[in-house]
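Thanks for making time this morning. I would like to walk you through one model, going from its helices to its core and then to its charged pairs.

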Amino acid sequence: MPFSDFVLALKDNPYFGAGFGLVGVGTALALARKGAQFGMVAFRRHCMITLEVTSRDKSYHWLLNWITHHAKRTQHLSVETSYLQHESGRISTTFDFVPSPGNHFIWYKSKWLRVERNREKQMIDLHTGTPWETVTLTSLGSNRQVFFDILREAKDLALKQQEGKTVMYTAMGAEWRPFGFPRRRRPLDSVVLDKGISENIVRDVKDFIGNPKWYTDRGKT
């Protein structure tokens, strides 16, 4: 049988035609899927910008508070409780709501931001004993200025909450972390001391702040 007749016979064979059609459709779908994957990778690489902030970074909690302040419609939240017992026995407690792990979307300066908070259950921060976390911000475009603006606003928002108050710190591993919530500053004239002691303390503090090099040279700082 000539080869041309053999090809025509296969063409007329319904089983071969059906199998060839399925293979063709499967190949086309596989190529389309690969093309979509490569296209998405190229789009993310050239048309999107991301910023990752880890839980060890100072701005991490600032950023969580900023996200909570802007993501008014998010329904998935986590709570952070600050507990403080005073010497008088009175207990002060505050609750701060922050975005829970997952994806959140924020409309900021005429553009959408995708916020992804991840919590690694298999990784623990050895200094604090808490799970390792990251927050990733994703935006369209390649302008980094939007991230600078967000971090600056997050810092200003956090400092505004502490304005006029004293922040208490406690040792946690190899670093110092805020303890409880900022306390309102107590007027110096409300502290009962012997005459002249408060003035001497204020003068020493001002001397220390105004001349740090003198103390550094003598190993005092």
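**Two helices, a core and some salt bridges**

Let me begin with helix α4, residues 145-162, whose 18 residues should span 26 Å at 1.5 Å a residue, and whose end C-alpha atoms are indeed 26 Å apart, so the two values agree. The expected span here is 1.5 Å times one less than the number of residues in the helix, and helices (H or I, at least four residues) and strands (E, at least two) are DSSP runs numbered from the N terminus.

Before going further, I should say that this is a predicted model, in which local features need pLDDT of at least 70 and side-chain atom pairs count only at pLDDT 80 or more, while totals for chains, interfaces and linings use all residues. Residues are numbered from 1 along each chain as its sequence is written, and side-chain values use heavy atoms, with hydrogens and water left out.

Which residues of α4 are buried? They are V146, F147, D149, I150, A154 and A158, where buried means under 20% relative accessible area, exposed means over 50%, and partly exposed is in between, with a 1.4 Å probe and protein chains only. These residues cover an arc of only 160° around the axis, which puts them on the same side of α4; the arc is that of the directions from the helix axis to the C-beta atoms. As background, an α-helix has 3.6 residues a turn, so residues three or four places apart point the same way. The face of α4 turned away from its buried side carries the exposed residues F148 and K160, and just after the helix G164 takes a positive phi of about 80°.

Helix α3, residues 59-70, can be read in the same manner. Its 12 residues should span 16 Å at 1.5 Å a residue, which agrees with the 16 Å between its end C-alpha atoms. In α3 the buried residues are S59, Y60, L63, L64, W66 and I67, and because they cover an arc of only 165° around the axis, they sit on the same side of α3.

S59 deserves a closer look, since at 15% relative accessibility this residue counts as buried. Its side chain makes a polar contact with the side chain of D57 at 2.5 Å, a polar contact being a pair of N or O atoms within 3.5 Å, where within protein one must be able to donate a hydrogen and the other to accept it, and where residues adjacent in sequence count only if both atoms are side-chain atoms. Leaving aside neighbours within four places in sequence, S59 is in contact (heavy atoms within 4.5 Å) with V53 and L151. K155, which lies in α4 and counts as partly exposed at 34% relative accessibility, is 96 residues from S59 in sequence but 7.3 Å away in space, C-alpha to C-alpha.

Now to the core. A nonpolar core is a set of buried Ala, Val, Leu, Ile, Met, Phe, Trp, Tyr and Cys residues joined through side-chain atoms within 4.5 Å. The largest one has 19 residues, of which L63, W66, I67, I106, V135 and I150 touch the most other members. The elements giving two or more residues to this core are β1 (48-54), α3, β4 (102-108), β5 (111-124), β6 (131-140) and α4, and α3 gives the most, with five residues. Beyond its neighbours within four places in sequence, I106 is in contact with W66, I67, H70, A71, K111, W112, L113 and V115.

Finally, the charged pairs. How many salt bridges are there? The count comes to five, with a salt bridge taken as a side-chain nitrogen of Lys or Arg within 4 Å of a carboxyl oxygen of Asp or Glu. One of them joins the side chains of D149 and K109 (3.1 Å, N to O), and this pair links distant parts of the chain, with D149 in helix α4 and K109 in the loop between β4 and β5, 40 residues apart. D149 is buried, with a relative accessible area of 11%, and K109, D149 and R152 are linked in a network of salt bridges.

R119 also forms a salt bridge with E133, the closest N and O atoms being 2.7 Å apart. R119 lies in strand β5 and E133 in strand β6, so the pair ties together parts that are 14 residues apart in sequence. R119 is partly exposed at 37%, whereas E133 counts as buried at 8% relative accessibility.
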